[in-house]
Amino acid sequence: MDNIKDNQGDVWEVFVQSKPGLPHKHAGSLHATDKEMALQNARDLYTRRNEGTCIWVVPLNAIVSSLPDDVGAFFDPANDKAYRHPTHYVMPEGAKHI
Amino acid sequence: MEDAKKLKEFQAKIDAEIKIEPKDWMPEDYRKHLQRQISQHAHSEVIGMQPEGNWISRAPSLRAKVVLLAKIQDEAGHGQYLYSAAETLGKSRDEYIEELQTEKAKYSSIFNYPTLTWADMGAVGWLVDGAAIVNQVSLQRTSYGPYARAMVRICKEESFHQRQGYEIIAHMAQGTPEQKAMAQDALNRFWWPSIMMFGPHDSDSPNTGNATKWKIKRETNDELRQKFIDKTVGQAEIIGLTIPDPDLKWNEARGHYDFGKMDWDEFWNVVKGNGPCNKQRLDHHKKAHAEGKWVREAALTYAHKEKQKQLVA
């Protein structure tokens, strides 16, 4: 063994789909040394009461996240575009089903 | 200067009920307080498996046994959720476990009491889990996102624990005189340690300070304790058991039960490591961890070899 220090394995993030048709939602995280173990641990940890029909596990270091410090600049392009929302438009009095 | 500005923004978020997430700036004391509190909470879940594990092979029926197994499995899961939340604060799982084993970190003192009879399984579920639920319901609104999310998940699962405990003790309280005596004895032994689980009086609680200002704690020790007592008195009455406190009585003016003095000398003595089972609990944890070493090594080696194979292929 090539000097691997005793540890709990890598961190994996777990996403659970609660029923067909719904999106996978982040449930939490866990430790595992490989993908099969990650999947089985996820089942035992996050779906002990039939909470899911499908599980995704993703190594934490494979996730790219935006940073809180950049929130302002990063989301800025969407801030001043009220015309992207349906409520921006004025409908004629009495118009229905729109 | 920079920090003063950040601290102000941080407090503004807290005041506006915006949760703090792992990558957000936070004061060092906030981080430290959470590392201590969440890991202590995680250790309690894991050590809490031991007093109940004691009864798996002695459960009085197959139903009782599968229920107990499911409950203990939940406790293991709760420990996992909490360690994960604690790890988002920049300390590894291995470090937290080492802190527990070297006694730098604590766990709830309640688990340093022995579980002597089957009725104790009832008392633990009813009172110990019951007290934990009161605390955890309150913590669902804690200001740190990962901790709050773990609490929501735990609270959903925990109510089965309390109900199964109450079912056991209610069942025994209606049994033979010996069984009823056993139920009463369990209540007698677990009552005071359970209400002391909420920690010292607010007037001498060393860790409150900023915890309230930063909304880590949403209710004080005394408020939570009172809630638990108010809920539990009627549950004892209905099954014909007597809470071992002669000073316990309804106070119409306050709208709460008054209760007697807790023995804080005993509490601190157990916290300091002199309870009936402190040594046993920690020794067992170390032994189980050491015995699992070859499994972790095998798994890590296997993962390493698989990776090598992929590189070659």
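In the predicted model, B:Pro246 lies in the loop that links helix 10 (221-238) to strand 1 (249-251) of chain B. With a relative accessible area of 81%, B:Pro246 is exposed. The C-alpha atom of B:Pro246 is separated by 20 Å from that of B:Ala123, and the two residues stand 123 positions apart along the chain.

B:Val271, a residue of helix 11 (residues 264-274) of chain B, is buried, its relative accessible area being 19%; this value falls under the 20% cut-off for burial. Apart from residues up to four places away in sequence, B:Val271 touches B:Lys106 and B:Ser109. Between the C-alpha atoms of B:Val271 and B:Ile110 the separation is 9.3 Å, although their positions lie 161 residues apart along the chain.

The interface of the two chains was examined next. Chain B contributes 25 residues to the contact and chain A contributes 24 residues. About 2200 Å² is buried between chain B and chain A, and 52% of this area is on carbon and sulfur atoms. On the side of chain B, 23% of the area buried against chain A is supplied by B:Lys23, B:Arg153 and B:Leu300, more than by any other three residues.

Helix 5 (residues 93-101) of chain B has partners in both chains. The buried residues of this helix are B:Arg93, B:Tyr96, B:Ile97, B:Glu99, B:Leu100 and B:Gln101. These buried residues pack against strand 2 (25-32) of chain A, and also against helix 2 (28-47), helix 4 and helix 12 of chain B. For helix 5 of chain B and helix 12 (residues 278-291) of chain B, the axes are 10 Å apart and the packing angle is about 140°. The two helices are therefore oblique to each other. Helix 5 of chain B enters this contact through B:Ile97, B:Leu100 and B:Gln101, while helix 12 of chain B provides B:Leu282, B:His285, B:Lys286 and B:His289. Sorted by class, the residues of the contact between helix 5 and helix 12 of chain B comprise three nonpolar, three polar and one charged.

Just after helix 5 of chain B, a positive phi of about 65° is found at B:Glu103. B:Glu103 belongs to the loop between helix 5 and helix 6 (118-139) of chain B and counts as exposed, at 55% relative accessibility. In chain A, A:Asn50 likewise has a positive phi, of about 55°, although it is not a glycine. The loop that holds A:Asn50 runs between helix 1 (35-46) and strand 3 (54-59) of chain A. A:Asn50 is exposed, with a relative accessible area of 74%.

A second pair of helices in chain B was characterised in the manner of the first. The axes of helix 7 (residues 145-173) of chain B and helix 8 (residues 177-196) of chain B come within 7 Å and cross at roughly 135°. Helix 7 of chain B is thereby oblique to helix 8 of chain B. From helix 7 of chain B, the residues B:Ile169, B:Met172 and B:Ala173 meet B:Gln179, B:Lys180, B:Met182, B:Ala183 and B:Ala186 of helix 8 of chain B. The contact of helix 7 with helix 8 of chain B contains six nonpolar residues, one polar residue and one charged residue.

Two acidic side chains of chain B were also considered. B:Glu75, in helix 4 (residues 62-87) of chain B, is buried at a relative accessible area of 4%. The side chain of B:Glu75 makes a polar contact of 3.3 Å with the side chain of B:His161. Beyond its neighbours within four places in sequence, B:Glu75 is in contact with B:Glu45, B:Met49, B:Glu52, B:Asp129, B:Glu158 and B:His161. One of these partners, B:Asp129, is found in helix 6 of chain B and counts as buried, at 6% relative accessibility. With neighbours within four places in sequence again set aside, the contacts of B:Asp129 include B:Glu52, B:Lys71 and B:Glu75, together with B:Glu158, B:His161 and B:Gln162.

Key: Residues are numbered from 1 along each chain as its sequence is written. Chains are lettered from A and ligands numbered from 1 in the order in which they are written. This is a predicted model: local features need pLDDT of at least 70, side-chain atom pairs count only at pLDDT 80 or more; totals for chains, interfaces and linings use all residues. Side-chain values use heavy atoms; hydrogens and water are left out. Axes are lines fitted to C-alpha atoms, for helices over the stretch in contact, and angles run from 0 to 180 degrees between N-to-C directions. Helices (H or I, at least four residues) and strands (E, at least two) are DSSP runs, numbered from the N terminus. Angles under 35 degrees count as roughly parallel, over 145 as roughly antiparallel, 65 to 115 as roughly perpendicular and the rest as oblique. Contact means heavy atoms within 4.5 Å. Ala, Val, Leu, Ile, Met, Phe, Trp, Tyr, Cys and Pro count as nonpolar, Asp, Glu, Lys and Arg as charged, and the others, Gly among them, as polar. Buried means under 20% relative accessible area, exposed over 50%, partly exposed in between (1.4 Å probe, protein chains only). A polar contact is a pair of N or O atoms within 3.5 Å; within protein, one must be able to donate a hydrogen and the other to accept it, and residues adjacent in sequence count only if both atoms are side-chain atoms. Buried area is the accessible area (1.4 Å probe) that two parts lose on being put together, summed over both.
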